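Got your viewer open and a selection box ready? Here's a short walk through this one, stop by stop.

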Amino acid sequence: MAESEELFYFCCTCVSIHREPVFTFFNSETSIFTCTECGLRFQIGYHTTKRTPAHRCIDCKEMFGTSLLLKLHSEEHFGEGPYKCSACQKVFFTYSAWEWHRKQSDTILELDCRKCWKSFKGKVCPGVHFDLAIKFRVYCAECCMGSNSIEYV
């Protein structure tokens with residue numbers, strides 16, 4: 001390596017999302033390096049002489065391995081797309097992602113009522129279940145008052 005070449009250092013996590021053609025693994029017992037991407041300090045990692053930017057979402061800072069994955073993810077922030085879950089209103093840009101989400105809604109879950117603490121089984125959209133759980137609104141059929149997004153089994 002020429003002395004004038006600059007090295008870019010990556011931790012083991014960040015190296016997996018970059019497209020550099022050549023990474024060199026290293027293990028330094030005496031020096032500490034800082035990850036070019038996330039700022040983590042480490043002694044075991046990778047370096048390269050090329051710096052190809054990662055595909056990072058400007059809205060939530062999540063990183064992706066390809067520009068296509070970033071594009072599909074970024075469009076979800078705008079709430080417009082060809083596929084939408086009728087229960088949680090989440091938008092999907094690929095049929096396969098929407099279909100996977102729908103199949104998760106058909107999974108029978110073991111749930112605990114937040115009022116009487118009885119266990120019961122039900123089906124619920126993953127997006128709705130997360131929202132209900134955060135708000136402590138998971139109720140069995142006996143304790144539920146009004147409409148509920150849980151299909152009791």
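Before the first click, a cut-off: a residue is called buried when its relative accessible area is under 20%, exposed when over 50%, and partly exposed in between. Keep in mind, too, that this is a predicted model.

**Stop one: an aromatic chain of contacts**

Select Phe10. Is Phe10 buried or exposed? Its relative accessibility is 0%, so Phe10 counts as buried. Now add Phe23, which at 22% relative accessible area is partly exposed. A search of the whole structure turns up 11 aromatic pairs. Phe10 and Phe23 make an edge-to-face pair, since their ring centres are 5.5 Å apart and their planes stand at 85°. Phe10 belongs to strand 1, while Phe23 sits in the loop between helix 1 (12-15) and strand 2, so the pair ties together parts 13 residues apart in sequence.

Leave Phe23 on and add Tyr46. These two rings are edge-to-face as well, 6.2 Å centre to centre with 75° between the planes. Tyr46 is in strand 5, so this pair links the helix 1–strand 2 loop to a part 23 residues away in sequence. With 23% relative accessibility, Tyr46 is partly exposed.

**Stop two: the sheet**

Switch to cartoon. You'll see an open sheet of 3 strands, ordered 1-5-2, with antiparallel pairing. Strand 1 (8-10) and strand 2 (24-27) are at the edges with a single partner strand each, so each has one side without a neighbour in the sheet. From one strand to the next, the twist averages 35°. Zoom in on strand 2 and strand 5 (residues 44-48): 4 bridges join them. Thr24 is a handy marker here, standing opposite His47 in strand 5.

**Stop three: the cores**

Next, select Phe120, Leu132, Val138 and Ile150. Within the largest nonpolar core, which has 14 residues, these touch the most other members. A separate core holds 11 residues, among them Leu7, Cys14, Phe26 and Phe42. Phe26 and Phe42 also show up in an aromatic cluster with Tyr9 and Phe33.

Back to Val138: show its contacts, skipping neighbours within four places in sequence. Among them you'll find Leu111, Asp112, Phe120, Leu132 and Ile150.

**Stop four: two tryptophans**

Go to Trp117, in the loop between strand 10 (108-112) and strand 11 (119-123). Trp117 isn't a glycine, yet it has a positive phi of about 65°. Its relative accessible area is 55%, so Trp117 is exposed.

Finish on Trp98. The charged end of Arg102 sits over the Trp98 ring, 4.5 Å from its centre.

Key
Residues numbered from 1 in each chain as written. Predicted model: local features only at pLDDT ≥ 70, side-chain atom pairs only at ≥ 80, totals over all residues. Heavy atoms only, no water. Pairing = 2+ DSSP bridges. Axes fitted to C-alpha atoms, helices over the stretch in contact; angles between N-to-C directions. Core = buried A, V, L, I, M, F, W, Y, C linked by side-chain atoms within 4.5 Å. Buried < 20%, exposed > 50% of the residue type's maximum accessible area, 1.4 Å probe, protein only. Contact = heavy atoms within 4.5 Å. Phe/Tyr/Trp six-rings, centres within 6.5 Å; stacked < 30°, edge-to-face > 60°. Lys NZ or Arg CZ within 6 Å of the ring centre and 35° of its normal.
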